[in-house]
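Q: Please take a close look at a single part of this model and then follow the cysteines and backbone angles elsewhere in the chain.

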Amino acid sequence: MGKLVVLKFGEGSFEQGFAVTLQIGEEHERAATEITGKLPAFPEMPLYYSHWQSSYRQIGNRYRLHADQMQVTNVSMIQDCENTSYILQARFNTWLRAEEFRPLREKWLERLSSTEEVRVILQTENSQLQLLPWHLWDLLERYPKAEIALSSPTYDRIHKPHTPNKLVNILAIVGNSQGIDTQADQVLLQQCSNAEVSFLVEPQRKELTDHLWGKNWDILFFAGHSSTNGNGKCGRIYLNQTDSLTIGELKYALKKAIENGLQLAIFNSCDGLGLARELADLQIPQIIVMREPVPDQVAKEFLKYFLEGFAGGESLYQAVRQARERLQGLEDQFPCATWLPVICQNPAQIPPTWDELRCPKSKDIPNLALPIRRRFQTTLFSSLAITALVCGVRLLGLLENQEIQAFDQMMRSRSSEGIDPRLLVITIDDNDLAIQRQNDESLIGASLSEKSLNKLLAKLNQYQPRAIGLDIYRDFPATDKNLITRLQQTQNLIGVCKGSDFTINIGGIKPPPEIPTENLGFSDFIHDRDGVIRRHLLFMNQETTSLCSAPYAFSLQLASLYLQPLGIQPKFTPQGNLRLGKTVFPNLKSRTGSYQNIDANGGQILLNYRSSKQVAEQVKLTQFLFSPVNASAIKGRIVLIGVVAKGDSPDTWSTPYGATLDEQMPGVLVQAHMVSQILSAVQDGRPLLRVWSLWLEVFWMWGWSVVGGVLVWRRLSLLWLALAVGVTFSVLYVVCYGLLIWGAWVPFVPSALLLVATVVLMSIYNSNTEVQVENRE
């Protein structure tokens, strides 16, 4: 829906200045913004216009004035006209940039977007103000979909009867055509689709009057010669070579035509503002005239461009603007051609589209015959009912699988963030296992022999990593005395154990007995019903008989050890949420976003995977042990040690990036993602994944249901409705995807379902209403 802007000029003059009121609002609604201001005195302005008008009229390019007033064009006259036009435009915009007028200008810029379609109505009785080239206002040129119209301050609405016309009824009057080519106008009118054109060629006065009384006309068209008298308040059309008429002499016939539904009058002839002022007194809805004498070629081209746009589906104002601007191609021969067309508007009337002229609104979509309030209520209550139904289905968990699948798709679609430079992962693959066996190293109960582990820790400690995470279960005592001492004395080493859960018969795994209790972390993952890891368990209360007593996750222990030199220690808020520095990690609840009735025990958050092919730099065990090492690649980093082998009891997990065996992610890399999430949130401000409150989610979903209702309300054809739904669906996905990148997981699937369901159900409702209306008729 576009915007309506009204500029009301109060009493005043160019000698005293003008009081001005600016109103801005939505189409079909009362103005939401109003502000008053003033334009200062500028007594020279009428003189600037008079100089331009004089130079323009001296050109005499086969104008559609009375035939005996035409002259011959002179090149120097064209140059003079262009010079005076530049001066007038510059002085005009200088006046509109006056300090007294600035508040109105700033309010305009604040309230209107350059992408919106804007109708601007200039209300004034001052004929000199109406003559000025308002289309050249530099403010208007910022709005490519804005067009200005003139209006009288006094007006009334015309209540025309609802008489349907199958085609657009056009009464085309071709008046005195001496010296001009009106045949081209007739051809253009005949080419209009879905229109019935009746031509009156050089008619007598009675013939014209009879036609105006005799039929329900939608458009009145005149081509030929016309003029405006000296005071600018009265116009005259030349019917034939002997007869001419003023609007006053057609008053009663025109009144009848307007009462019968006449919507638009087009005078494709010269100097039409006098005609427009008289027609405005009759309350005709819309008029298009030429403000000055118009060259014959310009008149023909304007009509062609206007009919192409208007009959092609453009709004009346957009069709006029586009046709006017296309006249610029003629301005080398006909200077200021783009100045000529102007709309005169009855503010109480809404400009119709071509299809609205052809088809009454009650036939397009039946419920549109109802009052706007009733239509709004129907859309509102229907969307509320459909939203309540979908929300109920969602709360039952019936949409959970579809929602998390959409979540996974968005997670996979994110652009790469690159590796986390704070982490290094030493991996143990099948080749590393084979080399250990070839060296007769015992791997009983572990994937890393005591000899290799001792050598690995010794080499790592030479390069001063900030934390070492051993993501390998060692629930048995070491036998190598050197390894025992190293495990006991390596203060930055974090070991793992696994908590028990007797509700599903998981007994747990003991920690390495040599590593101090405070340096232990549990390795438990929480997976969803489909086996995919989307949540991150930070802390939990272990069961009394659990073999693992560590209260904090392996990832949290590593992150805390890394942050400790920065003075950041884990703390808890009164609500029981973990706090690291200024970053709070809010616990998930059993009903969180798309999750319905999940086990939310312990401190759980959503796992915001680092969107890159590798979360951190990786090096193989054998390569690290037997190759030179870059000290800067280890110093101050977190080093994780874990298994990526797929042969012997693989430690792999399903993630949003893949659930098949080949696509699953090794556990040590999942741990790396978790460590990276904590550090990135605390140090880099990377957003944690959060969800909105229940009521905000409901309001969001209801909003998209309303959008679907509005699309149906717009009376689009099936093809255009399908296209609009497709575009809106794409916008919804892009918005949800963008919000996810910024850390907000909002309902996509329910919103999309509501959008489509509302469109389908409202369309069915409209079809049924149409059948009922036709049956009553």
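A: Contact is used here for heavy atoms within 4.5 Å, and helices (H or I, at least four residues) and strands (E, at least two) are DSSP runs numbered from the N terminus. The model is predicted, so that local features need pLDDT of at least 70 and side-chain atom pairs count only at pLDDT 80 or more, while totals for chains, interfaces and linings use all residues. Residues are numbered from 1 along each chain as its sequence is written, and side-chain values use heavy atoms, with hydrogens and water left out.

The part chosen is helix 15, residues 430-438, whose buried residues (under 20% relative accessible area, with exposed over 50% and partly exposed in between, for a 1.4 Å probe and protein chains only) are Asp432, Leu433 and Gln436. Seen down the helix axis, these buried residues fall within an arc of 100° (taken from the directions from the axis to the C-beta atoms), so they line one face of helix 15. Among what covers them are strand 15 (423-428), helix 16 (450-462), strand 24 (617-620) and helix 19 (621-626). At the N-terminal end, aspartate 429 caps helix 15, with a side-chain oxygen 3.2 Å from the backbone nitrogen of asparagine 431; a polar contact is a pair of N or O atoms within 3.5 Å, where within protein one must be able to donate a hydrogen and the other to accept it, and residues adjacent in sequence count only if both atoms are side-chain atoms. After helix 15 comes aspartate 440, with a positive phi near 60°.

Positive phi values also occur in glutamine 283, near 65°, and in cysteine 336, near 65°, neither residue being glycine. Glutamine 283 sits in the loop between helix 8 (273-281) and strand 13 (286-290) and is buried at 12% relative accessible area, whereas cysteine 336, in the loop between helix 10 (316-326) and strand 14 (341-345), is buried at 6%.

As for disulfides (cysteine sulfur atoms within 2.5 Å), a search of the whole structure finds one, joining cysteine 497 to cysteine 548 with an S to S distance of 1.9 Å. Cysteine 497 belongs to strand 17 (residues 493-497) and cysteine 548 to the loop between strand 19 (535-539) and helix 18 (554-563), so the pair ties together parts 51 residues apart in sequence. Both cysteine 497 and cysteine 548 are buried. Cysteine 234, by contrast, is in no disulfide, the nearest cysteine sulfur, that of cysteine 344, being 15 Å away.
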